[in-house]
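Biologist: Please take one part of this model and examine it closely for a first-year student. I should like the sheet of five strands described strand by strand, and then placed in the setting of the whole chain.

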Amino acid sequence: MKESEIFINQIGYKPLDNKNVFVTNAAKGDAKEFTLCKKSDGQVVFTGALTAAPDDELSGGNYFTGDFSSIKTAGEYYVCVGQERSFDFKIADNVYDDVALSTLKYFTDSRCGQGICHTGIAEVYGTGEKKNVQGGWHDAGDYGRYIVAGTKTVMDMLLAYKKCPEKFANFDLLGEVRFELEWMLQMQRDDGAVYHKISCYHFCAFIMPQDEKDQLVLAPVSTAATADFAGCLAYASGFYKADDPDFAKKLLDAALKAQTYLFSHDDEFYINPPEITTGGYGDRDVRDERYFALCSLFAATGDKNYLTQALKFREEKKKDKPDPKHPWNCGWQEGFGWPFVAGYGTEILLEVAAENEENTALSPDLIAEIHTCIIAQAEKILEISNSSAFKYCSKLVFWGSNGAICDLAHIMLMAYDLTGREDFFKAAKAQIDYILGCNPVNYCYVTGAGSKPVVNPHHRPSGASGRVYPGMLSGGPCAGLLDAYAKEHLTGLPALKCFADAQPSYSTNEVAIYWNSAFVYLLARVR
Ligand code: G3I
Ligand code: 9MR
Ligand code: ZN
């Protein structure tokens with residue numbers, strides 16, 4: 001049977017969720033309606049209208065949509081349009097529990113040293129020195145361990161845990177995060193600066209981690225890594241204070257030492273030296289990293305000088321000319337991405353304000369400005385979602401687009417927290433629906449989940465073992481066609497179809513710890 005062109009969330013919906021189905025024009029044919037049927041006996045429980053979805057460039061347009069939000073009864077269902085039938089799905093309260101747990105277990109699976117891997121002593125690039133660094137999560141489809149990537153990941157996980165600890169009842173989140181933090185601590189140089197990454201000099205073939213035995217190298221230190229390290233460790237220290245004060249102190253001391261280094265050094269931008277060709281994670285603007293570090297140290301120590309310094313970066317960056325390519329830009333972006341970490345700093349300031357209303361350092365004017373900025377950004381993101389066929393909330397489809405929409409949803413959730421506006425919450429949830437099946441290629445982008453999951457991720461352990469690891473979010477479409485496979489197979493397609501479930505397509509089908517963590521955050525908040 002040919003695959004149907006009816007797109008639903010392949011896992012399902014919670015009873016009170018908005019529930020939308022999407023259909024291509026071809027599948028719709030002459031039909032004006034869709035039916036919702038019970039899986040057990042085919043009984044029609046609902047008939048609804050199909051209306052034209054907004055035409056947008058990213059999906060290519062010409063889609064129709066139907067709404068069955070009114071059906072709240074738990075059960076298993078499918079949707080029919082004419083002769084076409086969708087994948088089966090559930091309506092249930094706990095419908096996302098399994099996928100949520102599998103996306104967390106991916107971190108345990110990604111631990112370096114879980115098997116016996118990467119145990120060699122690293123060269124410190126350009127110095128003739130050697131240093132023993134062990135642990136941390138393998139970054140992605142490759143086995144590098146990168147500070148800026150790890151920071152974003154840890155921050156997403158801790159923010160999710162902070163907002164809804166009950167969602168992690170069956171997973172030791174703090175234990176898992178600690179594994180990464182113990183590695184990060186080893187990445188600091190004696191003077192406080194932090195090495196950008198540890199990896200081999202080059203990416204290896206598709207082999208298991210224990211078979212990558214090439215020389216390890218610590219790349220030069222960078223401002224981005226040092227500031228991210230400071231922000232991340234200062235924030236993390238609060239989570240371990242009660243149960244392990246020594247570890248908490250170690251984290252905070254390391255963060256303070258990193259900040260001392262930052263105060264006395266100009267920006268050091270990272271760029272791979274010619275001998276090292278693994279992930280670059282270069283960032284030409286580290287004002288947001290410096291802001292994040294300072295906000296976090298202010299929260300951890302109460303020292304107002306950190307806040308004053310942080311706000312200088314915020315003000316300075318606000319004066320930048322708006323970038324027309326980033327329509328949500330309001331002069332200052334509360335970003336959540338490996339190169340955009342301002343949102344983490346701001347989120348920490350809001351936590352301080354909420355937990356300590358007496359905190360006079362945070363003036364009402366500042367808090368009001370922060371609120372206005374978040375809501376303005378979230379409204380622009382919401383507008384994009386509302387004008388998209390699949391309620392997709394970005395206008396840009398970059399490398400890692402599936403992670404990026406989770407990060408944009410995060411901003412809408414910040415605005416939801418401030419305003420209680422349901423439209424922000426629902427648009428955030430719609431990104432989960434997109435990822436789990438409401439997308440023009442009809443994939444469930446999480447491995448091991450749904451009826452048509454990704455099965456050929458660019459992930460070395462999956463490729464080498466022949467067993468696809470579960471719980472991994474594929475990077476998703478990338479309109480830039482940035483690998484040879486994508487160029488060969490996807491040229492000319494609308495942006496949201498620029499996806500290939502093929503192992504060689506690293507720019508569309510790689511996985512990464514920080515895309516998973518963005519998804520973990522979103523799922524924890526909306527499920
Ligand atoms: O931010 C700019 C935007 O301003 C500009 O308009 C746009 C135009 O192309 O580019 C945007 O930058 C993108 C950048 O990511 C930031 O999001 C680049 O296009 C894009 O090519 C770049 O991709 C990164 C990729 O490495 C290549 O450097 C991904 O974010 C990043 O996730 C990925 O990371 C790799 C590691 O290097 C190695 N390990 C695997 C990992 C995942 O694939
Ligand atoms: O596997 C690598 C992946 O993790 C990176 O994201 C990607 C881009 O830097 O590069 C991949 O490695 C490829 C290399 O760049 C070119 N030769 C083929 C490699 C994939 O096997
Ligand atoms: Zn390893």
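**The five-stranded sheet and its surroundings**

Modeller: In this predicted model, strand S11 (residues 122-124) and strand S15 (residues 216-218) are paired in the parallel sense, over two bridges. Within this pair, Val124 has Leu218 of S15 as its bridge partner. The two strands belong to an open sheet of five strands, whose order is S12-S11-S15-S14-S13 and whose pairing is mixed. The edges are formed by strand S12 (130-131) and strand S13 (145-146), each of which pairs on one side only.

The pairing on the other side of S15 runs in the antiparallel sense: S14 and S15 are joined over three bridges. Here Ser199 stands opposite Val217 in S15. Strand S14 (residues 197-200) is in turn joined to S13 by two bridges, and these two strands run antiparallel. Arg145 has Ile198 in S14 as its bridge partner. As a general point, the strands of a sheet pair through backbone hydrogen bonds, either parallel or antiparallel. In a regular strand, moreover, the side chains alternate between the two faces of the sheet.

A second sheet offers a useful comparison. It is an open sheet of four strands in the order S1-S3-S7-S6, and its pairing is antiparallel. Its edge strands are strand S1 (6-7) and strand S6 (51-52), each pairing on one side only. S6 is joined to strand S7 (residues 63-67) by two bridges, and the two run antiparallel. In this pair, Thr51 stands opposite Thr65 in S7. An unreviewed UniProt entry annotates residues 3-85 as "domain: Cellulase Ig-like". Over residues 3-85 the chain is 45% strand and 5% helix, and the C-alpha atoms at the two ends are 9 Å apart.

The sheets are only part of the chain, which has 16 helices and 15 strands. Two of the helices may be described in turn. Helix H7 (residues 287-301) has 15 residues and reaches 21 Å from its first C-alpha to its last, close to the 21 Å expected at 1.5 Å a residue. H7 is mostly covered, since 13 of its 15 residues are buried. Gly302 follows H7, and its phi is positive, near 80°. Helix H11 (residues 401-419) has 19 residues and reaches 27 Å from its first C-alpha to its last, close to the 27 Å expected at 1.5 Å a residue. In H11, 16 of the 19 residues are buried, so this helix is largely enclosed by the rest of the structure. H11 is followed by Gly420, whose phi is positive, near 75°. In general, an α-helix has 3.6 residues a turn, so residues three or four places apart point the same way.

The ligands come next. Ligand 1 is surrounded by 18 residues, of which the closest are Ala140, Gly279, Trp399, Glu510 and Ala512. By class, its shell has eight nonpolar, six polar and four charged residues. Ligand 2 is surrounded by Ala140, Gly141, Asp142, Phe203, Gly279, Tyr506 and Glu510. The shell around ligand 2 divides into three nonpolar, two polar and two charged residues.

Glu510 also appears in a record: the unreviewed UniProt entry carries the annotation "active site" for His458, Asp501 and Glu510. These residues are spread over 53 residues of sequence but cluster in space, the largest C-alpha distance being 9.5 Å. His458 lies in the loop between helix H12 (422-435) and helix H13 (460-465). His458 counts as buried because 26 other C-beta atoms lie within 10 Å, and the cut-off is 20 or more. Thr447 lies in the loop between H12 and H13, and Thr447 is buried too, with 24 other C-beta atoms within 10 Å. The C-alpha atoms of Thr447 and Leu523 are separated by 16 Å, the two residues being 76 residues apart along the chain.

Finally, the chain may be viewed as a whole. With 527 residues, a compact globule would have a radius of gyration near 24 Å; the chain has 23 Å, which agrees. Its C-alpha atoms fill a box of roughly 70 × 55 × 45 Å, taken along the principal axes. Of the 527 residues in the chain, 53% are buried.

Conventions: Residues are numbered from 1 along each chain as its sequence is written. Chains are lettered from A and ligands numbered from 1 in the order in which they are written. A residue is near a molecule or strand if its C-beta atom, placed from the backbone, lies within 6 Å of it. Ala, Val, Leu, Ile, Met, Phe, Trp, Tyr, Cys and Pro count as nonpolar, Asp, Glu, Lys and Arg as charged, and the others, Gly among them, as polar. The expected span of a helix is 1.5 Å times one less than its number of residues. A residue is buried if 20 or more other C-beta atoms lie within 10 Å of its own, exposed if 12 or fewer, and partly exposed in between; C-beta atoms are placed from the backbone. Two strands pair if DSSP finds at least two bridges between them. UniProt positions are given in the numbering used here, feature names are shortened, and annotations may be inferred rather than shown by experiment. The radius of gyration is taken over C-alpha atoms; the globule rule is 2.2 Å times the number of residues to the power 0.38.
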